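Subject: Handing over a structure

Hello,

Here is the structure I promised to pass on. Please open it first, then read my notes below.

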Amino acid sequence: MRCLSSHPITPFISKLWKGALLKRSLTLPATTIENGKRLAAWKAVDDMIDPKNHKVIGLGSGSTIEYALHRISSRPELHSMLYVPTSFQTKQLILQNKLRLATLEECSNGIDLTIDGADEIDNDLCAIKGGGGCLFQERLVAQASEEFVIIADERKKSNNLGSKYARGIPVEIVPMAITSIQRILTNRYTQANIQLRMATPTDKAGPVITDNGNLLLDCHLGPLGRQAATIYQDIKLLSGVVEVGLFCGMAKKAYFGNLDGTVDIWTKN
Ligand SMILES: O=C(CO)[C@H](O)[C@H](O)COP(=O)(O)O
């Protein structure tokens with residue numbers, strides 16, 4: 001058997017390894033942010049899912065929700081309940097973790113609890129969602145739920161919704177309406193920066209297509225103050241708009257994983 005160290009490829013591997021180490025040390029804050037996501041997700045799963053009383057759990061989309069799935073997967077007493085996904089991504093994760101998958105149509109008694117991530121959350125637990133483009137199904141599942149809980153790392157805390165998440169409010173639109181709605185919104189919000197969300201060109205040329213076959217406009221309107229719920233209604237009322245990534249009056253609790261390893265819990269009565 002040849003010893004690996006004498007293999008000609010070894011210097012190349014060791015270069016890669018050094019590169020990886022260097023990259024890790026340069027991106028250390030990101031790793032701590034990942035830890036914040038994990039802490040928030042694990043605490044929310046442990047606090048909120050009640051294995052004795054809950055039968056159906058909704059699961060949001062994004063990177064933070066992956067940690068919630070890992071936690072659920074590590075606790076066998078949580079394997080008997082049904083899990084409703086909000087995206088292609090979450091459906092795959094539920095299947096990969098060998099959890100019991102259910103569709104929203106199958107849940108005639110509704111959903112006991114939904115856990116989801118968010119892009120920005122204010123003190124009223126009003127949230128911008130849809131950074132991952134899954135806002136429509138996320139809202140469908142959230143509105144069918146008895147309780148809706150948000151998990152996030154501390155960067156997502158906001159004093160004024162719209163002041164932090166640079167991309168703006170995602171709006172899902174049926175393709176034939178995209179030009180007219182972009183024009184209407186640009187005329188209505190004159191200071192806004194409204195962009196069609198484009199795919200990464202190396203993965204797909206053209207726009208991002210949602211799980212529902214629609215397009216996304218990212219509408220940067222600036223800080224919304226107390227206007228988020230009104231803006232939601234104003235945009236949602238336009239024909240051709242499928243959903244708006246403003247979730248106000250829905251969450252009763254938000255878990256934030258902090259860089260110092262603690263978890264903050266914000267609640268709303
Ligand atoms: O709304 C979402 C997807 O549509 C996500 O929950 C939101 O974008 C947060 O994602 P992440 O946990 O990766 O920061």
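I start with one residue in a loop. Gly222 is partly exposed, because 13 other C-beta atoms lie within 10 Å. The residue sits in the loop between E11 and helix H7 (228–236). Gly222 touches Gly162 and Gln191, leaving out residues up to four places away in sequence. Ala142 is another matter: Gly222 and Ala142 are 80 residues apart in sequence and 26 Å apart in space, C-alpha to C-alpha.

Please keep in mind that this is a predicted model.

**The whole chain**

The protein has 269 residues, and 39% of them count as buried. Seven helices and 15 strands make up its list of elements. Among contacts with a separation of 6 or more, 76% join residues 24 or more positions apart.

**Two domains**

The domain assignment gives two domains. Domain 1 covers 28–157 + 248–259 + 263–267, and domain 2 covers 169–244. Their C-alpha centres lie 24 Å apart. Each side gives 13 residues to the contact. Which element gives the most to the side of domain 1 that touches domain 2? Helix H5 (residues 135–143) does, with four residues. By class, that side of domain 1 has seven nonpolar residues, five polar and one charged.

**The sheet**

Next, a sheet of four strands. The sheet is open, its order is E10-E11-E9-E12, and the pairing is antiparallel. Strand E10 (193–196) and strand E12 (241–244) stand at the edges. Each has a single partner strand, so one side of each has no neighbour in the sheet. From one strand to the next, the twist averages 25°.

Here is how the strands join:

- E10 and E11 pair over four bridges, in the antiparallel sense. Asn193 stands opposite His220 in E11.
- E9 and E11 are antiparallel too, with five bridges. The bridge partner of Val171 in E11 is Leu217.
- Strand E9 (residues 169–173) and E12 run antiparallel and are joined by three bridges. In E12, Val171 has Val244 as its bridge partner.

So Val171 is worth finding on screen: its bridge partners are Leu217 in E11 and Val244 in E12.

Two helices pack on this sheet. H5 touches E9 and E12, and its direction makes about 70° with that of E12. Helix H6 (residues 178–188) touches E9, E10, strand E11 (215–220) and E12. The direction of H6 makes about 10° with that of E11.

Why is E11 largely enclosed by the rest of the structure? Five of its six residues are buried.

**The ligand**

There is a ligand, with 17 residues around it. Gly62, Thr64, Gly117, Gly131 and Gly132 come nearest. Helix H3 (63–73) and H5 are the elements that give two or more residues to this shell. H5 therefore appears in three places: at the domain contact, on the sheet and around the ligand. By class, the shell has three nonpolar, ten polar and four charged residues.

**A buried threonine**

Thr90 lies in helix H4 (residues 88–96). Is Thr90 buried or exposed? Thr90 is buried, because 29 other C-beta atoms lie within 10 Å. Leaving aside neighbours within four places in sequence, Thr90 is in contact with Leu59, Ser61, Ile65 and Pro85. Val45 is 45 residues from Thr90 along the chain, and their C-alpha atoms are separated by 16 Å.

**Two positive phi values**

Most residues other than glycine have a negative phi. Two residues here go the other way.

Lys98 has a positive phi of about 55°, although it is not a glycine. Lys98 is in the loop between H4 and strand E3 (100–101). The residue counts as exposed, because it has 9 C-beta neighbours inside 10 Å.

Leu125 has a positive phi as well, near 65°. Its loop runs between strand E5 (120–122) and strand E6 (127–128). Leu125 counts as buried, because it has 21 C-beta neighbours inside 10 Å.

That is what I found.

Best wishes

Definitions and conventions
Residues are numbered from 1 along each chain as its sequence is written. This is a predicted model: local features need pLDDT of at least 70, side-chain atom pairs count only at pLDDT 80 or more; totals for chains, interfaces and linings use all residues. Domain bounds come from an automatic or database domain assignment. Two residues are in contact if their C-beta atoms, placed from the backbone, lie within 7 Å. Ala, Val, Leu, Ile, Met, Phe, Trp, Tyr, Cys and Pro count as nonpolar, Asp, Glu, Lys and Arg as charged, and the others, Gly among them, as polar. A residue is buried if 20 or more other C-beta atoms lie within 10 Å of its own, exposed if 12 or fewer, and partly exposed in between; C-beta atoms are placed from the backbone. A residue is near a molecule or strand if its C-beta atom, placed from the backbone, lies within 6 Å of it. Two strands pair if DSSP finds at least two bridges between them. Axes are lines fitted to C-alpha atoms, for helices over the stretch in contact, and angles run from 0 to 180 degrees between N-to-C directions.
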